[in-house]
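Student: I'd like to go through this model with you. Can we take it contact by contact?

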Number of protein chains: 4
Amino acid sequence: MPCEFTARRRVEFSETDMAGIVHYSNFFRYMETVEHGFYRSLGFSVAHDRHDPPVGFPRVHASCDYSRPLRFEDEFEMHLRVIEKKVKSLTHQIIFSKITPAGAVEVARGKLIVVCVTTKSDGSMGAVPIPADIASRIEVTTPLPSPA
Amino acid sequence: MPCEFTARRRVEFSETDMAGIVHYSNFFRYMETVEHGFYRSLGFSVAHDRHDPPVGFPRVHASCDYSRPLRFEDEFEMHLRVIEKKVKSLTHQIIFSKITPAGAVEVARGKLIVVCVTTKSDGSMGAVPIPADIASRIEVTTPLPSPA
Amino acid sequence: MPCEFTARRRVEFSETDMAGIVHYSNFFRYMETVEHGFYRSLGFSVAHDRHDPPVGFPRVHASCDYSRPLRFEDEFEMHLRVIEKKVKSLTHQIIFSKITPAGAVEVARGKLIVVCVTTKSDGSMGAVPIPADIASRIEVTTPLPSPA
Amino acid sequence: MPCEFTARRRVEFSETDMAGIVHYSNFFRYMETVEHGFYRSLGFSVAHDRHDPPVGFPRVHASCDYSRPLRFEDEFEMHLRVIEKKVKSLTHQIIFSKITPAGAVEVARGKLIVVCVTTKSDGSMGAVPIPADIASRIEVTTPLPSPA
């Protein structure tokens, strides 16, 4: 089952800051882009969910380790692996690599822990098991070890 | 009735771009900040509206003329005037001025045209008259003429 | 000479707001994306400019008229036309159209007026003529008339 | 010496997403706001640094744990503690608390690890010891233990 997903993107001017590099907060926006692309590859969309009641995947944890900067017009790849699957949560690892003439060079490494939730009848949110049709399509992969 | 409203803000690092100045799109985020502060000063919030059905003010037009840059940590003032009031729409003028030791220096001038809408029973949005309790509190001011 | 340029994009979750639609300020970020793509199509990059001294194209005016909302995961097209060329400035018109099964539907229409500048020896910015190798590649197109 | 710093802010509309809450990436922008306020409280600005050569504090790690959502117009407090000081790096803990009539309620907890860098003569960035006049003003505080 597809448990890895890759998306490619080019740095936009508005994503840079006065230090001339991509603002660190934008890596978290990028992570979500590849996460949602991954869900779409499973036939699931957080916007058009057909489960009853609909489910969502808010994050309870997000982190990123930065090793090299990205700059305006750099092309980069985001590679998502599901590295942990529990009844109600998933852990995604996202590797960011800059595309260079010499090949892909890792620039950052992110992690998202998301919980499956639904809106309860009283309007509050509560964690629920990941629907079987989604969960059954997700196989856990080994996290990529840190570069030496 | 209060038809002018002023808010003050300091430029944040994440609002700059690689040219070292505030990214031009952020002036539109700033305009909204002063617009919502203005609504709050009238006792109205787009988030907690007590009209039945609730109304909102999406924009049909937004523009900005830029005369000087804003930089990280600059303090600036946003001054909103309602320069036109129709049955279903408002036009706001927003003057941005940088606070300097020598006084306020205009850096940009924005305009927002917003339409009062509500969600109809079929889920679509439709323009409606601005509720009387809001409209009655808004008096139009003369737009500030352009600097010579 | 190529004076029209089209880019396609999908709405990302972080670009929506609590009204469930793309935040109006993001159309200005999108405009810049297609503008920079256009410059690249001319062999020019604001980041890697080989003119001496390097030139940039800050905006003195930006505006947008909104006719329909864009929502999460919508695919849309941005079509840029250069509708005015002066010695030191360009005016771009950008038409945003949502891609639907029934074809492209216009949702917004933007305008950017940009001025060619360079950094002077005293560190300040000054307007300069658009370099001939760029200007010669740009032919003005007729602006698209407003939809009836 | 001042090693804790607090800033207060109100959620802006453009910071929400279609789930009706503050987009998770914005907590990283907020963290930076309180971080820069903290530096200013020490008499230091990343924009107007008087060290020769100037230093900056890019992040090598950023993380956030989310326990409750923030919504439009919520007022919240960000409390920064320096929880680790090394020769070339600092670790900041930032507690986010929503201001409610019943008091402050923790909603998220962030961490930033920043490294002191300067631009070397060849244009590359390199880690350097935190300048003594900054380092001497920073005393480490105990991290706040996690809520039970």
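**Rings, charges and interfaces**

Tutor: B:Arg59 lies over the face of C:Tyr24, 4.4 Å from the ring centre. Keep in mind that this is a predicted model.

Student: Which ring does the charged end of D:Arg59 sit over?

Tutor: The ring of A:Tyr24. The charged end of D:Arg59 is 4.4 Å from the centre of that ring.

Student: Back to C:Tyr24. How are the rings of B:Phe28 and C:Tyr24 arranged?

Tutor: Their centres are 6.2 Å apart and the planes are at 90°, so the pair is edge-to-face. This pair crosses between chains. B:Phe28 belongs to helix H1 of chain B. C:Tyr24 is in the loop between strand S1 (4-10) and helix H1 (26-41) of chain C.

Student: Are B:Phe28 and C:Tyr24 buried or exposed?

Tutor: Both B:Phe28 and C:Tyr24 are buried.

Student: How many aromatic pairs are there over all chains?

Tutor: The count is 54. One of them is B:Phe13 with B:Phe72, an edge-to-face pair. The centres are 5.4 Å apart, with 85° between the planes.

Student: What does the pair of B:Phe13 and B:Phe72 tie together?

Tutor: Parts of chain B that are 59 residues apart in sequence. B:Phe13 sits in the loop between strand S1 (4-10) and helix H1 (26-41), and B:Phe72 in the loop between strand S3 (59-66) and strand S4 (75-85). B:Phe13 and B:Phe72 are buried.

Student: Let's do the helix. What should H1(B) span, and how far apart are its end C-alpha atoms?

Tutor: H1(B) has 16 residues, so at 1.5 Å a residue it should span 22 Å. Its end C-alpha atoms are 23 Å apart, which agrees.

Student: How many residues of H1(B) are buried?

Tutor: 14 of the 16, so H1(B) is mostly covered.

Student: And what follows H1(B)?

Tutor: B:Gly43 follows H1(B). Its phi is positive, near 85°.

Student: New topic: interfaces. How much area do chain D and chain A bury between them?

Tutor: About 1500 Å². Carbon and sulfur atoms carry 56% of that area. The contact takes 18 residues from chain D and 18 residues from chain A.

Student: Which three residues supply 33% of the area that chain D buries against chain A?

Tutor: D:Tyr24, D:Phe28 and D:Tyr66. No other three residues supply more of that area.

Student: How many salt bridges does the rule find across the interface of chain D and chain A?

Tutor: Zero.

Student: Now chain D and chain C. What area is buried there?

Tutor: About 810 Å², with 77% from carbon and sulfur atoms. Nine residues from chain D and nine residues from chain C take part in the contact.

Student: Which three residues of chain D supply 59% of the area it buries against chain C?

Tutor: D:Phe13, D:Met18 and D:His23, more than any other three residues. The rule finds zero salt bridges across the interface of chain D and chain C.

Student: So where are the salt bridges? How many does the structure hold over all chains?

Tutor: The structure holds 32. One of them joins B:Arg9 and D:Glu12, with the closest N and O atoms 3.5 Å apart. That pair crosses between chains, from strand S1 of chain B to the loop between strand S1 (4-10) and helix H1 (26-41) of chain D. B:Arg9 and D:Glu12 are both buried.

Student: What about C:Arg59? Which side chain does it meet in a salt bridge?

Tutor: C:Glu35, at 2.3 Å from N to O. C:Arg59 is in strand S3 (residues 59-66) of chain C, while C:Glu35 is in helix H1 of chain C, 24 residues apart. C:Arg59 and C:Glu35 are both buried.

Student: And D:Arg8 with D:Glu77, what is the N to O distance?

Tutor: 3.4 Å. D:Arg8 lies in strand S1 and D:Glu77 in strand S4 (residues 75-85) of chain D, 69 residues apart. D:Arg8 counts as exposed because its relative accessibility is 52%. D:Glu77 is partly exposed, with a relative accessible area of 23%.

Student: Last one. Which residues are linked with A:Arg9 in a network of salt bridges?

Tutor: A:Glu15 and C:Glu12.

Note on methods:
Residues numbered from 1 in each chain as written. Chains lettered and ligands numbered in written order. Predicted model: local features only at pLDDT ≥ 70, side-chain atom pairs only at ≥ 80, totals over all residues. Heavy atoms only, no water. Phe/Tyr/Trp six-rings, centres within 6.5 Å; stacked < 30°, edge-to-face > 60°. Helix = DSSP H or I, 4+ residues; strand = E, 2+ residues; numbered from the N terminus. Buried < 20%, exposed > 50% of the residue type's maximum accessible area, 1.4 Å probe, protein only. Lys NZ or Arg CZ within 6 Å of the ring centre and 35° of its normal. Expected span 1.5 Å × (residues − 1). Contact = heavy atoms within 4.5 Å. Buried area = accessible area lost by both parts, 1.4 Å probe. Salt bridge = Lys/Arg side-chain N within 4 Å of Asp/Glu carboxyl O.
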